[in-house]
Every structure is written in structure tokens, then in C-alpha cells.
Amino acid sequence: MALGKILWVDDEIESLQSQIVFLESKGYEVNSMTNGFDAIDYVKDNVVDVVLIDESMPGITGLETLAKIKEMNQQVKVVLITKNETENLMNEAIGSQISDYLIKPVNPNQVLLSLKKIIDNKRLVAEKTTTAYQQQFRNLFMALNSNPDYNEWMEIYRKLVYWELEMEKSDSPEMREVFQTQKQEANTEFFKFISKNYTSWINPKNSVSPVMSHTLFQSKVFPNIEKGVPTFFILLDNLRFDQWKAIQPIFAESFRILEEDTFYSILPTATQYCRNAIFAGLMPLDIEKQFPQQWKNDEEEGGKNLFEEDFFRAQLKRAKKENLKFSYTKVLNHQAGHDLVSNIHNLLNNDINIIVYNFVDMLSHARTEMEVLKELASDETSYRSITTSWFEHSPLHQALKRIADKKINIVLATDHGSVRVKTPCKVIGDKQTTANLRYKHGRNLNYEPKEVLAFRDPKEAGLPTPTVNSSFIFAKEDGFLCYPNNYNYYANYYRNTFQHGGVSMEEMIVPVIKMTSKNA
């Protein structure tokens with residue numbers, strides 16, 4: 001079977017017979033034509049992988065032939081061969097979607113290399129990815145078993161995300177399985193690490209702790225505010241680090257990425273806790289103490305994130321930055337997104353502009369409830385793909401493109417991530433027990449201690465105590481918490497959905513990215 005079907009079009013094709021024989025000896029099937037008209041007819045009726053076209057031919061030029069071929073079949077790859085190195089011609093050729101161009105005289109190895117890049121690229125990349133991961137596997141294994149600290153854990157997770165994205169290029173199901181097993185082992189160790197260290201991190205007397213939700217502004221935003229340069233703090237709700245990597249190229253078109261970092265989301269990794277902590281600059285227990293009217297626990301009625309702007313104003317005051325002019329915009333629906341596009345230029349007069357965008361969170365919840373989205377986002381790869389497609393066409397992207405030519409700074413972050421759950425864990429509780437799948441609090445919780453991180457005294461985790469004797473439990477790895485009644489129904493209904501609230505690298509190690517406009 002031929003490695004690929006090649007059509008070579010050149011009015012001096014006789015002089016290229018030795019090159020054609022060379023390519024055939026390497027396993028390619030090569031047909032030849034002496035003019036563009038015959039080439040167009042041939043492509044119309046035959047399967048062709050790559051067309052090699054001489055640019056200067058009598059009758060119809062290579063570029064004109066290229067345009068006609070692309071009209072018929074957009075998928076055919078075309079390599080333009082030319083004596084002419086003028087920039088104008090190159091621009092026109094690249095604009096016409098050529099896959100490569102070669103300058104005459106061409107030697108056989110040049111042509112072979114070009115064909116390998118075009119036809120064999122996917123296979124070669126897949127093989128290289130598999131080999132490279134095999135070499136890295138041991139390093140990751142050693143890193144996991146060397147008692148990593150919180151910085152090393154962030155590095156391990158970033159490497160795992162890198163390999164997860166690289167594995168998309170590999171067609172080896174065995175290697176993907178090996179990778180998934182290693183990721184699972186990493187989450188098992190990460191759970192032990194969090195169980196051991198979390199309470200010490202949130203102790204105000206401890207000077208050695210990572211950047212977390214409640215210290216995000218103090219550590220990553222306030223130090224970067226420049227007088228006269230507006231800073232946009234964009235919080236994309238429920239954005240995992242791998243989803244950031246998927247949309248990074250779209251941001252990079254308009255903005256220069258200065259720093260790509262991660263921080264730790266507090267527990268529970270749920271919006272009402274993490275996002276309020278980010279804007280208040282306080283742990284939930286302290287928010288409840290300072291704002292008893294505004295703070296609402298899970299079981300209380302009313303919106304749980306209605307006072308972020310008030311919390312942020314108080315944080316500015318505590319940081320002695322109340323003279324900073326700020327705006328707060330929350331986008332919960334498509335209309336609010338269009339309003340943001342219309343109003344974005346007016347925000348350039350502020351020192352800080354906060355934009356909270358809810359799409360990714362809505363996607364993860366809708367995916368649980370809607371069968372069509374379960375099909376569209378059936379795993380991590382498709383979940384990333386949907387996020388990329390949404391962002392590319394979103395009002396947020398439109399709004400940012402409108403001000404990309406202005407001197408601005410951007411800090412992009414999230415409140416928490418999510419994890420695809422697979423393992424149901426039984427929990428028994430009274431009527432007051434919360435309904436969340438990745439964490440619960442209540443008075444008489446009955447659970448398997450090995451399956452959760454438990455805080456009998458919520459204050460140890462910096463959390464309010466909703467009712468007397470309430471305790472919190474957090475699911476680990478890919479577990480989700482189910483009640484015994486209708487257990488099998490709920491276990492099957494929620495299995496393989498993306499949830500948040502518990503302890504996993506995907507939920508807790510989340511992106512914070514600094515960018516600036518390219519003209520700055």
C-alpha cells in the first residue's frame with residue numbers, strides 16, 4: 001500500500017523523472033501532468049493526497065491551478081515549487097492555503113521531507129509523543145514519590161496536563177491507559193498531601209503557604225497594578241488548567257502572556273466559597289464574621305454570590321487601596337455578554353475592572369442535566385474542545401479584541417476547577433444534609449472514612465459551622481457522594497459527569513495568568 005498518492009505538475013516533467021523514481025522507491029505513488037488544466041481534471045476524478053505544482057507554467061499558472069484545485073477539494077494539500085522568491089508571491093501562495101513551498105532547483109530529499117511533514121506528520125508525531133512520554137514516565141513517578149511540597153505539586157500537575165494534551169496526538173490506546181493510571185495515582189497521593197497540609201496553610205500564623213483563593217488579589221493582582229494602565233481581572237468560573245491551555249492560543253493572538261501560573265482553590269471547591277473568598281480576601285469563616293447579613297450557608301435560601309462587589313470594596317479598604325477606581329461586571333447570560341462588548345471602552349477609565357464570566361460553570365452543570373451535552377462533552381478532550389469553541393465565539397473574546405490595541409494588563413483566573421467523577425461513595429445523613437456530590441455538611445453524617453477528607457470542626461478548614469455539631473466531608477479523587485436510597489439510579493446518572501467541591505488536582509490547582517497588550 002502506497003504511503004500517499006502524489007500528483008506532480010510541471011511543464012518540464014521529463015527532467016524530473018529521476019526524482020519521481022526516487023519518491024516511488026520510498027513508497028509513494030506518483031502521477032505526473034505537464035499543465036494546470038490536466039491537473040484540475042485529474043484531481044476532479046481521482047484521490048490525491050498532495051499536489052506538487054510548478055508556479056510558472058504556460059497556459060495557467062501554478063497559483064491559478066492551486067485556486068481551482070482548492071475550489072474542488074479543500075482537503076488536498078498543495079506544495080508550490082517556484083524560482084521566484086518575491087515576498088508578494090509568497091504572501092499570495094500562503095494566503096491561498098498552500099501546505100509548503102520549495103525553491104527551484106529542488107533536490108529529491110527536499111521533496112521527500114516536505115511529503116513526510118505533510119502526509120506522515122500525524123504518525124511521526126504520535127510515535128515521538130509515545131516515546132517521549134515513556135522516557136518521562138519514570139521522572140513523573142519519582143517526583144510523585146519524593147514527598148513533593150505545594151510548589152512541586154503544581155509543577156507535577158502542569159506536567160500531567162502537558163502530557164494529557166500531547167497524548168491527543170498519539171494513537172496508542174495502551175499509552176493513554178498508562179497515562180490515565182499515572183494521573184489516578186497522582187490524585188491518590190495529592191489527596192494524602194492535602195489531608196496532611198491543608199489546615200496548616202489556612203492558619204494565619206503560618207508564613208509558609210501557597211497562594212490560595214483568599215490571598216489571590218494580594219499576591220497576584222494588587223502588585224501588578226500600574227497607574228494609568230487599566231487592569232482587567234477576568235474570572236472564568238470553573239476553568240481547569242487544561243481548559244486554559246486549550247484557549248491560550250486564542251489569547252496569544254492579541255495579548256502577550258507574561259506569566260502562566262497556578263494557585264490553590266480553597267475547600268469546598270465550589271463557587272459560593274471560592275469566589276467569595278477571592279473577592280473578600282478572607283476565608284469563609286471570616287467573611288461570615290465580618291458580613292453576617294450577606295453570608296449564606298448552603299441550606300439557606302437566596303443567592304450565595306450576590307455581594308462580591310461589596311466584599312471587594314472592603315478588601316480594597318483593608319489593603320489601603322480604596323482610592324483605586326474599579327468596576328464590577330458579572331456576565332450570567334448572552335445578553336449580559338453583548339452589553340459587555342458595547343461597554344468595554346468605557347471601562348478603560350478605571351484602575352481595575354472585574355469581569356466575572358459564568359459560561360464554563362453553566363456548561364459543566366448543563367452537561368450533567370442534558371443528554372445532548374453528555375454526548376458533546378463525554379470526556380476531558382471533548383470538554384476542552386467545547387470550551388475552546390465557546391471562547392472563540394464568545395462576547396468576552398469580542399470585547400477583549402476591541403481593546404487589544406490599548407495599553408492594558410489582564411489577570412485571568414478562576415475560582416475552582418472540576419473533575420470527571422466515576423466512583424460512587426455511600427453517605428447517610430439527616431434531612432439538613434446538603435445535596436452536593438463532591439462535598440457535604442450536616443450533623444449526623446455516616447460515611448466510609450477512607451473515602452473522604454472530613455472536618456468534624458469546620459473552623460479547622462476556615463469554614464462557618466452552619467448548625468451545631470455540623471461537620472464537612474470532601475470526596476477524594478474521582479469519587480462522588482450518593483445516598484443509599486435510589487443509590488444505583490443516582491450512581492449511574494452522575495457517573496462520568498464533571499463535578500466540583502472536593503479534593504483533586506483538577507479542582508484545586510487552577511490557573512492565574514498575567515497578560516498585557518502586545519503594543520504595550
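**Exercise 1.** In this predicted model, find how many bridges join strand β1 to strand β2 (residues 29-33), and state which way the two strands run.

*Solution.* Begin with the pairing itself: five bridges join β1 to β2, and the two strands run parallel. Next, take one residue of this pairing as an example, namely Ile6, whose bridge partner in β2 is Val30. Finally, follow the chain between the strands, where helix α1 (residues 17-25) makes, together with β1 and β2, a β-α-β unit that is right-handed.

**Exercise 2.** Determine which residue of strand β3 stands opposite Leu7, and work out how many residues of β1 are buried.

*Solution.* Start from the strand pair, since β1 is also joined to β3 (residues 50-54), by four bridges and in parallel fashion. Within β3, the residue that stands opposite Leu7 is Val51. Then turn to the covering of β1, which spans residues 5-9: taking buried to mean under 20% relative accessible area, four of the five residues of β1 are buried, and the strand is mostly covered.

**Exercise 3.** For the open sheet of three strands that contains β13, β16 and β15, give the strand order and name the edge strands.

*Solution.* The order is β13-β16-β15, and the pairing is antiparallel. The edge strands are β13 (439-442) and β15 (452-455), each of which pairs on one side only. Neighbouring strands of this sheet are turned against each other by 15 degrees on average, with direction ignored. As a last step, look at one pair in detail: β13 and β16 (residues 471-475) run antiparallel and are joined by four bridges, and Gly442 stands opposite Ser471 in β16.

Note on methods: Residues are numbered from 1 along each chain as its sequence is written. This is a predicted model: local features need pLDDT of at least 70, side-chain atom pairs count only at pLDDT 80 or more; totals for chains, interfaces and linings use all residues. Side-chain values use heavy atoms; hydrogens and water are left out. Buried means under 20% relative accessible area, exposed over 50%, partly exposed in between (1.4 Å probe, protein chains only). Two strands pair if DSSP finds at least two bridges between them. A crossover is right-handed if, with the strands pointing away from the viewer, the path from the first strand over the helix to the second runs clockwise. Axes are lines fitted to C-alpha atoms, for helices over the stretch in contact, and angles run from 0 to 180 degrees between N-to-C directions.
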